[in-house]
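This report covers the internal spaces of one model and the packing of a few of its helices. Please have the structure open as you read.

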Amino acid sequence: MWDIWDWTLCWRVDFVLASNVSQRKRRRKSPSWRTIYKEGQDVSSSLQSSSRHPVTPSDRGSQSQPPPLGVKVLSAGTAACIADLVTFPLDTAKVRLQIQGETAATGAAKGIRYRGVFGTISTMVRTEGPRSLYNGLVAGLQRQMAFASIRIGLYDSVKSFYTRGKDNPNVGIRILAGCTTGALAVSVAQPTDVVKVRFQAQTKLQGVSRRYSGTMQAYRQIFQHEGLRGLWKGTLPNITRNALVNCTELVSYDLIKEAILKHKLMSDNLPCHFVSAFGAGFITTVIASPVDVVKTRYMNSPPGQYRSSLNCAWTMMTKEGPTAFYKGFVPSFLRLGSWNVVMFVSFEQLKRAMMMSRSRVEATT
């Protein structure tokens with residue numbers, strides 16, 4: 001009798017313990033309705049995002065790899081041409097202000113006096129027509145395709161060469177890379193700059209003889225009358241000027257942008273880029289304006305007027321005073337600031353578009 005009771009009691013105890021254990025397992029395994037709803041939302045959102053933006057192996061490669069050298073060079077030259085199309089009237093006004101007072105005016109140009117950037121533009125439109133603002137545009141676009149492609153497109157590669165592939169280069173390495181690419185670009189593109197400046201300097205007025213009638217004719221005439229030295233005239237001051245511009249522009253842009261982001265004045269978007277580019281343009285204009293004026297006058301001068309670029313600078317100092325080195329400062333600043341904004345924004349967008357096109361081509365092949 002007691003044996004049967006003990007057996008029954010033990011069976012009940014084992015049954016209760018087993019049921020408690022199974023209930024605990026079910027509680028652990030079965031999630032709540034909140035968990036099920038949250039996981040369902042996560043799965044649906046991930047499916048929607050993957051269907052809208054599918055990530056292919058080529059996309060993963062393009063995201064991890066930097067743009068190749070060809071993309072940088074082509075996008076830099078194209079972006080510089082876009083910026084030149086927008087800001088070329090300011091550059092023409094700058095050249096006219098810089099050469100004003102260099103030589104005595106003749107014919108219909110005797111009564112013309114340029115005053116300020118907008119006064120210069122309005123005077124040119126009134127006396128020579130709107131097309132005069134784009135004198136030398138063809139040579140200017142040729143210059144940017146040769147000049148900016150090297151100056152900006154090769155900058156990262158030269159910087160990586162000096163650092164031997166290391167990240168986060170210091171300011172000295174950046175300055176050295178900027179000087180190298182700026183000097184190399186001027187050495188290649190100097191003839192286009194000479195033709196551009198001479199076209200911008202000549203006036204379209206009755207009674208005033210024009211030196212050149214076309215871009216290719218200007219190249220031929222300069223080579224026939226002045227030789228190769230005429231096409232590369234002003235190379236030394238231009239190298240000095242563009243080395244200063246390249247270094248000051250890139251380094252000051254980085255420092256201004258880092259300061260804005262560090263103090264949380266703006267986020268890393270278009271307004272921040274706009275302010276940084278204009279600040280870099282102002283600093284660059286202050287430093288490079290004297291060399292720019294000497295370069296413009298020396299390249300535009302007829303043979304024999306100046307013995308060298310240093311003689312041109314000395315003549316300016318003795319005849320016109322130190323303020324002559326800052327003639328055309330306002331249009332130079334407006335041009336550099338606006339040019340930087342248009343160029344850098346276009347440069348980034350073109351690089352992105354080229355990399356996306358390259359990824360699509362690689363995905364289809």
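What is the volume of the largest cavity? About 170 Å³. The model is predicted, so to speak of local features pLDDT must be at least 70 and side-chain atom pairs count only at pLDDT 80 or more, while totals for chains, interfaces and linings use all residues. Residues are numbered from 1 along each chain as its sequence is written, and side-chain values use heavy atoms, with hydrogens and water left out.

**Cavities**

A search of the whole structure turns up three cavities of 30 Å³ or more. On a 1 Å grid over the protein atoms alone, a cavity is a set of points where a 1.4 Å probe fits but cannot get out; lining residues have an atom within 4 Å of a point. Grid points are joined across faces, edges and corners, and a volume is the space filled by probe spheres set on the points.

The largest cavity is lined by 19 residues, and R143, Q144, R241, N242 and R335 are the closest to its centre. Two or more lining residues come from each of α4 (69-99), α6 (137-151), α8 (171-201), α10 (235-262) and α13 (329-364). Helices are DSSP runs (H or I, at least four residues), numbered from the N terminus.

The second largest cavity has a volume of about 70 Å³. Its lining includes K94, R241, T284, D292 and R335. Here α10, α11 (270-300) and α13 each give two or more residues. α11 gives the most, with five.

**The largest pocket**

A pocket is an open set of points with protein on both sides within 12 Å along at least five of seven lines. The largest pocket holds about 1,000 Å³ of space. It has 35 lining residues, and D156, D254, F347, E348 and K351 lie nearest its centre. α7 (155-163), α10, α11 and α13 each supply at least two. The largest share, nine residues, is from α13.

The table sets out the linings by class. Ala, Val, Leu, Ile, Met, Phe, Trp, Tyr, Cys and Pro count as nonpolar, Asp, Glu, Lys and Arg as charged, and the others, Gly among them, as polar.

| Space | Nonpolar | Polar | Charged |
|---|---|---|---|
| Largest cavity | six residues | three residues | 10 residues |
| Second largest cavity | three residues | four residues | four residues |
| Largest pocket | 15 residues | eight residues | 12 residues |

**Helix packing around α8**

α8 packs on α10 at an angle of about 140°, with the axes 7 Å apart. Axes are lines fitted to C-alpha atoms, for helices over the stretch in contact, and angles run from 0 to 180 degrees between N-to-C directions. α8 is therefore oblique to α10. Angles under 35 degrees count as roughly parallel, over 145 as roughly antiparallel, 65 to 115 as roughly perpendicular and the rest as oblique.

Contact means heavy atoms within 4.5 Å. Among the α8 residues that meet α10 are V171, G178, A183 and D193; the α10 side includes T235, N242, C247 and E258. This contact has nine nonpolar, nine polar and four charged residues.

How does α8 lie against α11? The two helices pack at about 80°, with axes 9 Å apart. They are therefore roughly perpendicular to each other. Q190, D193, V194, V197, R198 and A201 of α8 make the contact with K295, T296, M299 and N300 of α11. By class, four of these residues are nonpolar, three polar and three charged.
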